[in-house]
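Here's a quick tour for anyone meeting this structure for the first time. Have a look at the picture, then read on.

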Amino acid sequence: MITDKTEFIVGDLADKVTGKYNIVCANIVADIIIKLLPDVGQFMTEDGILIVSGIIDIRKDDVLAAVESNGFTVAAEAYKDNWCAFVLKQN
């Protein structure tokens, strides 16, 4: 069962998380995603992915600049109405 293999944590990443994860998800505004990027890699496995969403399209370029400057690349992207989501991998 998938519930035996998942853990959902609500709150600040640095305050509540230890260990390494295959998938990390953040569905929140662009400013918080940008703030998260410098630290999230330490909580990801070597081949882990980071899924970010909740990004309004006018902030897309800001997020993508932060993605690149923090050592991530976009593996996939999705758009709906004025919203963006990205699947990221560490370089």
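## A partly exposed isoleucine

Isoleucine 32 comes out as partly exposed, with a relative accessibility of 40%. You'll find isoleucine 32 in helix α2, which covers residues 30-40. Keep in mind that the model is a predicted one.

Isoleucine 32 also has company: together with Ile28 and Val29, Ile32 makes up a nonpolar patch on the surface. Between them, these residues have about 240 Å² of accessible area.

## Into the core

Now for the inside. The largest nonpolar core has 18 residues, and those touching the most other members are Leu37, Val40, Leu50, Val52, Ile55, Phe72 and Leu88. At least two residues of this core come from each of β1 (21-27), α2, β2 (44-56), α3 (60-69) and β4 (83-90). Which element gives the largest share? That's α2, with 5 residues.

Let's zoom in on leucine 37, which sits in helix α2. Is leucine 37 buried or exposed? With a relative accessibility of just 1%, leucine 37 is buried, because the cut-off for that is under 20%. Setting aside residues up to four places away in sequence, leucine 37 touches Leu50, Val63, Ala66, Val67, Asn70, Phe72 and Leu88. As for isoleucine 51, 14 residues away along the chain, its C-alpha atom is 11 Å from that of leucine 37.

## A buried serine

Over in strand β2 there's serine 53, which is buried at 18% relative accessible area. The side chain of serine 53 makes a polar contact of 3.0 Å with the side chain of asparagine 27. If you skip neighbours within four places in sequence, serine 53 is in contact with Ala26, Asn27, Ile28, Ile33, Cys84 and Ala85.

## One arginine, two salt bridges

How many salt bridges does the whole structure have? A search turns up 2. One pairs arginine 59 with aspartate 31, where the closest N and O atoms are 2.9 Å apart. Arginine 59 is in the loop between β2 and α3 while aspartate 31 is in helix α2, so this pair ties together parts that lie 28 residues apart in sequence.

Arginine 59 also meets aspartate 62 in a salt bridge, at 2.7 Å from N to O. That links Asp31, Arg59 and Asp62 in a network of salt bridges. As for accessibility, arginine 59 is partly exposed at 23%, aspartate 31 is partly exposed at 47%, and aspartate 62 is partly exposed at 37%.

Note on methods:
Residues are numbered from 1 along each chain as its sequence is written. This is a predicted model: local features need pLDDT of at least 70, side-chain atom pairs count only at pLDDT 80 or more; totals for chains, interfaces and linings use all residues. Side-chain values use heavy atoms; hydrogens and water are left out. Patches are made of residues with over 30% relative accessible area and no salt bridge: like charges are joined within 9 Å, nonpolar side chains (Val, Leu, Ile, Met, Phe, Trp, Tyr) within 5 Å. Accessible areas come from the Shrake-Rupley method with a 1.4 Å probe; for residues, only the protein chains shown count as cover. A salt bridge is a side-chain nitrogen of Lys or Arg within 4 Å of a carboxyl oxygen of Asp or Glu. Helices (H or I, at least four residues) and strands (E, at least two) are DSSP runs, numbered from the N terminus. Buried means under 20% relative accessible area, exposed over 50%, partly exposed in between (1.4 Å probe, protein chains only). A nonpolar core is a set of buried Ala, Val, Leu, Ile, Met, Phe, Trp, Tyr and Cys residues joined through side-chain atoms within 4.5 Å. A polar contact is a pair of N or O atoms within 3.5 Å; within protein, one must be able to donate a hydrogen and the other to accept it, and residues adjacent in sequence count only if both atoms are side-chain atoms. Contact means heavy atoms within 4.5 Å.
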